[in-house]
Amino acid sequence: MLISNADVHFSERLQTVYHCPADELPPHLIRYTRLLDTFHTRYGDLGSVTIVRAPGRVNLIGEHTDYNGYPVLPMTIDRDIVFIIAPSEDNTINLMNEDSFFGERSFVAFGAITPFAQGDWGNYVKAAVQGLIREGVVEEGKAKGFRAVVGGTIPGSAGLSSSSALVVASALAFLAANHTSVEPVMLAELLARAEQYVGMEGGGMDQAISLLGDAGKALKINFFPLRQESIQLPENVAFVVCNSLVQASKSSSTRDAYNRRVVECRLAAALLSSSLSEKLGRPVYARLLADFTPSLLHCTEKELEQEARLALGHQPLRLSEIVLRLGEDEAEVRRRHCTLKDGSTVAEPPEGFKLWQRYRHVVSEAARVERAGAVLSSGDIDEFAALMNESHAGCRDDYEVSCDELEALVAIARKHGAIGARLTGAGFGGCTVNAVPLGDVDRFLKEVRREYYETYVKEHSESEFVPFRFIDDVMFVCYATKGAGIV
Ligand code: NG1
């Protein structure tokens, strides 16, 4: 077989993107070749094509902090979404997913784009296109569509950001079809707003790490305004992802539970603002929990915590109680704090809103991220792992986003060599991330496979576990790749 200069160039390019040794390139080359073949079989020869990709991510620490304005510390993973595209003559977007389960989708990039059925994969593409048109990046009347073959290797509904990777890749495809581009930081902010089209009031972590990620590095990301700091990943420890096989689907109860926590944090901010305003005798405006800065309030962190404890109370609060404390009209409280971007309102949970617990997790998690960034930079991996363990406890006890299966998986991981183990992403199922000393990785993989996938899963057949074909699809070492872009 003759190897052209273009082939050599493409191989070198993939090596930079995936940050892998040359002997690990063949599977990537095979995948891209397959996607290109599928494109030509489906659409014929349309001349030159563009390839865009967007990676998923694993969040090492900083859970449920992003939408509160606090930092996160994720890294990209070498599982991604790839689009092979060619521009259309008109504004139609045709999508073919190489996984026949997802099938083909088509829509027009014009006006208010109506979503497909809830949970449909095409909605993430619509979210990106709608966002770019709404924010004036692509001019509505002049927008060009594209034809695409889409291939993904990120496990879905697993807390590894497959949905945001799809949004990011879709945006890059639409921008390429319209011969335009947006600076990555701006694009990440725009797409965080755009993804709320699917009904999750999410923060900006996933779009940011997918676009700004760096090979071999983790990123500490701050929000409002978005800014990032690269941190070299340690060489003596691997971060291993293990999928609990419990689906945390964004189109169902997970979405409602997530949105309820967003609302609880908003209500906590409102109550704390009101009580601080009263105490200080001047208005304290704070929309996000991160807006309460002790130095600006001329108090210590401890004093602020005391104040929050008083303002939020230990017990869950009924909406009527919150309304009373805010001294506002109930309809106004619902409109300002409980209403989501799609106009729906988060209902009061039967047990009331758990404001103090949510506050305590978010603020302590934010402090852990600050510390984690510093100790990771200095190479103190034991301290980093201890912070991961504390983070998991906060997610489980105060934020209540763990489940029996995640607890079993974390316990098994710690028993077999993980020095730090925690749920990652939104929770309610999905994956754990584990810090495992390099020399223990093989044993860890073998034992977790035996004790969780071959034993626990079989013994708990009452749970709805997602079936899998290969163990590598559900348990793997993470390698940070380059951020999203044109390949
Ligand atoms: P995942 O796990 O990908 O659903 C979600 C949010 C993040 C962040 C985490 C919790 C979206 C798209 N993603 O991530 O912004 O809040 O939960 O830390 O909403």
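This report covers salt bridges and one helix, H8, in a predicted model.

**Salt bridges**

The whole structure holds 35 salt bridges. Three pairs are set out below.

| Pair | Closest N to O distance | Locations | Separation in sequence |
|---|---|---|---|
| Arg31 and Asp80 | 2.7 Å | helix H2 (residues 26–43) and strand S2 (residues 73–87) | 49 residues |
| Glu370 and Lys220 | 2.9 Å | helix H11 (residues 355–378) and strand S6 (residues 217–222) | 150 residues |
| Glu307 and Lys279 | 3.1 Å | helix H8 (residues 301–312) and helix H7 (residues 253–280) | 28 residues |

Take Arg31 and Asp80, whose closest N and O atoms are 2.7 Å apart. Arg31 belongs to H2 and Asp80 to S2, so the bridge ties together parts that are 49 residues apart in sequence. Both residues are buried.

Glu370 bridges to Lys220. This pair links distant parts of the chain, H11 and S6. What about burial? Glu370 has 40% relative accessibility and therefore counts as partly exposed. Lys220 has 10%, so Lys220 counts as buried.

The side chains of Glu307 and Lys279 also meet in a salt bridge. Here H8 is linked to H7. Glu307 is buried, because its relative accessible area of 10% is under the 20% cut-off. Lys279 is exposed, because its 58% is over the 50% cut-off.

Some bridges share partners. Lys415, Lys446, Glu447, Arg450 and Glu451 are joined into one network in this way.

**Helix H8**

How far apart are the end C-alpha atoms of H8? They lie 16 Å apart. With 12 residues at 1.5 Å a residue, H8 should span 16 Å, so the two values agree.

Which residues of H8 are buried? They are Leu304, Glu307, Ala308, Ala311 and Leu312. Glu307 is thus both a buried residue of H8 and the salt-bridge partner of Lys279. The buried residues cover an arc of only 115 degrees around the axis, so they sit on the same side of H8. The spacing follows a general rule: an α-helix has 3.6 residues a turn, so residues three or four places apart point the same way.

The face turned away from the buried side carries the exposed residues Lys302 and Leu310. The cover over the buried residues includes H7, helix H9 (319–326) and H11. H7 also holds Lys279, and H11 holds Glu370.

Gly313 follows H8. Its phi is positive, near 75 degrees.

How values were computed
Residues numbered from 1 in each chain as written. Predicted model: local features only at pLDDT ≥ 70, side-chain atom pairs only at ≥ 80, totals over all residues. Heavy atoms only, no water. Salt bridge = Lys/Arg side-chain N within 4 Å of Asp/Glu carboxyl O. Helix = DSSP H or I, 4+ residues; strand = E, 2+ residues; numbered from the N terminus. Buried < 20%, exposed > 50% of the residue type's maximum accessible area, 1.4 Å probe, protein only. Expected span 1.5 Å × (residues − 1). Arc of directions from axis to C-beta. Contact = heavy atoms within 4.5 Å.
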